[in-house]
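Please open the structure in the viewer and keep the sequence panel visible. The tour below proceeds by selection, with a description at each stop.

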Amino acid sequence: MFKHDVLCFGETMAMFAAEYPGPLAYVERFGKRIAGADSNVAIGLRRLGLKVNWLSRVGNDSLGQFVVDTLRSEGLDCSKVEVDPEYPTGWQLKQRCDDGSDPQVEYFRRGSAASRMSPALISPELLQVRHLHATGIPPALSASCQELSHQLVDAMRAAGRTISFDPNLRPSLWPDEATMVEAINSLAFKADWLLPGLEEGRLLTGFESPQEIAEFYLERGVKKVAIKLGPEGAYWQDALGRHGVVPGHPVAQVVDTVGAGDAFAVGVISALLQGLPLEYAVDRGNWCGCRAVQSRGDMEGLPQRAELISYETQLQRSI
């Protein structure tokens with residue numbers, strides 16, 4: 001019996017979100033929130049009823065306290081979050097866009113406490129978990145974070161646990177594209193479930209079509225691949241050769257696109273951990289993604305378990 005269902009790790013930043021549209025240079029009022037792809041997934045999985053352990057590092061400052069308090073209020077186990085006495089908590093500024101376009105985001109994370117994470121954080125207790133979710137962001141933060149990512153993935157593989165991986169490419173954090181591709185793929189090849197976006201897959205593999213991208217990873221040991229296609233939905237393929245496209249869910253108005261991919265990961269991972277078929281998991285991912293883009297904020301639109309139950313009950317009635 002595991003204490004936790006999922007282990008997630010990475011950097012959560014404090015986010016100052018503009019309260020009205022316009023260039024960031026001229027915005028005078030901001031709301032304080034949190035941001036971070038890895039913790040978005042952790043929060044989403046917890047909201048759907050899974051027990052989630054969160055591994056990270058924050059500064060010994062007010063922003064770090066705010067981050068940890070917010071994550072705890074979402075029900076995450078933050079007992080493995082370290083407080084760094086020297087390095088600060090990272091933060092960002094985020095533009096408000098009311099037309100559904102991608103907002104401008106400015107990051108202040110270089111030399112952050114989270115970039116000081118290392119394999120020293122790994123303990124036998126930490127690994128007592130069913131599943132590990134990893135992304136390509138921690139390995140981009142520092143050499144020690146990259147080593148932490150590999151050692152966590154290797155330890156979970158050795159223990160026979162499942163691993164999901166979202167490339168979540170951040171080119172600005174890498175010295176060059178070739179280094180990024182090699183580093184991200186070295187982790188992707190170790191995953192059981194891979195969740196890239198279409199453009200990410202093209203960059204990482206050199207192939208154009210979703211099927212070619214999926215087969216590139218399946219041939220290298222990945223068991224299930226789900227490729228995000230934006231509003232069109234997602235392509236899926238497994239190691240047995242089964243494949244298909246699950247259409248996206250229509251959205252009347254896109255409010256904020258940030259976090260949609262993280263919401264997709266929440267849906268897919270939660271369904272696969274229930275033992276549901278990949279096609280069904282991808283539909284849940286699409287639904288979670290459509291919910292996310294209809295709310296302002298990176299994780300505010302992630303659905304609660306009751307909402308998921310209501311949706312899937314209606315879905316069964318319509319079949």
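At roughly what angle do the axes of helix α6 (residues 198–205) and helix α7 (residues 210–218) cross? In this predicted model, the two axes cross at roughly 55° and come within 10 Å.

**Stop 1: helices α6 and α7**

Select both helices and view them along the line that joins their axes. Angles from 35 to 65 degrees fall in the oblique class, and α6 and α7 are therefore oblique to each other. The crossing in which α6 passes α7 is left-handed. To display the contact, show the side chains of Leu-198, Gly-201, Arg-202, Leu-204 and Thr-205 on α6, together with Pro-210, Ile-213, Phe-216 and Tyr-217 on α7. Sorted by class, this contact of α6 with α7 comprises six nonpolar, two polar and one charged residues.

**Stop 2: Leu-194**

Next, select Leu-194, which lies in strand β10 (residues 193–194). Leu-194 has a relative accessible area of 1% and is buried. Because the limit for burial is 20%, a value of 1% places Leu-194 in the buried class. Setting aside residues up to four places away in sequence, Leu-194 touches Phe-165, Pro-167, Ala-188, Tyr-217, Val-222, Lys-224, Val-225 and Ala-226. Tyr-217 in this list also belongs to the α7 side of the contact with α6. For a distance across the model, pick the C-alpha atoms of Leu-194 and Arg-296: they are 27 Å apart in space, and the two residues are 102 apart in sequence.

**Stop 3: Asn-168**

Move to Asn-168, in the loop between β9 (162–166) and α5 (177–188). What is the sign of phi at Asn-168? The value is positive, near 40°, in a residue other than glycine. Asn-168 is buried, its relative accessible area being 9%. Its side chain forms a polar contact of 3.1 Å with the side chain of Arg-170. Beyond neighbours within four places in sequence, Asn-168 contacts Ala-37, Thr-135, Gly-136, Ile-137, Glu-200 and Asp-262. Two of these partners, Ala-37 and Asp-262, lead to the next stop.

**Stop 4: helices α1 and α8**

Select helix α1 (residues 37–47) and helix α8 (residues 260–273), whose axes lie 9 Å apart at an angle of about 45°. That angle makes α1 oblique to α8. The crossing of this pair, α1 and α8, is right-handed. On α1, the contact is made by Ala-37, Asn-40, Val-41, Gly-44 and Leu-45; on α8, it is made by Asp-262, Ala-265, Val-266, Ile-269 and Ser-270. The contact of α1 with α8 contains six nonpolar, three polar and one charged residues by class.

**Stop 5: helices α8 and α9**

Keep α8 selected and add helix α9 (residues 278–292). The axes of α8 and α9 cross at roughly 145° and come within 7 Å. This crossing of α8 and α9 is right-handed. From α8, display Ala-260, Ala-263, Phe-264, Gly-267, Val-268, Ser-270, Ala-271 and Leu-272; these meet Leu-278, Ala-281, Val-282, Arg-284, Gly-285, Asn-286, Cys-288, Gly-289 and Ala-292 in α9. By class, the contact of α8 with α9 has 11 nonpolar, five polar and one charged residues. Ser-270 of α8 takes part here and also in the contact with α1.

**Stop 6: Thr-257**

Select Thr-257, in the loop between β13 (243–246) and α8. Is Thr-257 buried or partly exposed? Thr-257 is partly exposed, with a relative accessible area of 23%. The side chains of Thr-257 and Asp-102 are joined by a polar contact of 2.6 Å. Apart from neighbours within four places in sequence, Thr-257 is in contact with Gly-100, Ser-101, Asp-102, Pro-103 and Val-293. The C-alpha atoms of Thr-257 and Val-293 are separated by 5.0 Å, although the residues are 36 apart along the chain.

**Stop 7: Lys-94**

Finish at Lys-94, in strand β6 (residues 91–94). Lys-94 is buried, with a relative accessible area of 4%. Which side chain does Lys-94 join through a polar contact of 2.6 Å? The partner is the side chain of Asp-298. Outside its neighbours within four places in sequence, the contacts of Lys-94 include Met-15, Phe-16, Leu-24, Pro-103, Asp-256, Val-258 and Asp-298. Pro-103 is a contact of Lys-94 and also of Thr-257.

Conventions:
Residues are numbered from 1 along each chain as its sequence is written. This is a predicted model: local features need pLDDT of at least 70, side-chain atom pairs count only at pLDDT 80 or more; totals for chains, interfaces and linings use all residues. Side-chain values use heavy atoms; hydrogens and water are left out. Axes are lines fitted to C-alpha atoms, for helices over the stretch in contact, and angles run from 0 to 180 degrees between N-to-C directions. Helices (H or I, at least four residues) and strands (E, at least two) are DSSP runs, numbered from the N terminus. Angles under 35 degrees count as roughly parallel, over 145 as roughly antiparallel, 65 to 115 as roughly perpendicular and the rest as oblique. A crossing is left-handed if the near helix is turned anticlockwise from the far one by less than a right angle, and right-handed if clockwise. Contact means heavy atoms within 4.5 Å. Ala, Val, Leu, Ile, Met, Phe, Trp, Tyr, Cys and Pro count as nonpolar, Asp, Glu, Lys and Arg as charged, and the others, Gly among them, as polar. Buried means under 20% relative accessible area, exposed over 50%, partly exposed in between (1.4 Å probe, protein chains only). A polar contact is a pair of N or O atoms within 3.5 Å; within protein, one must be able to donate a hydrogen and the other to accept it, and residues adjacent in sequence count only if both atoms are side-chain atoms.
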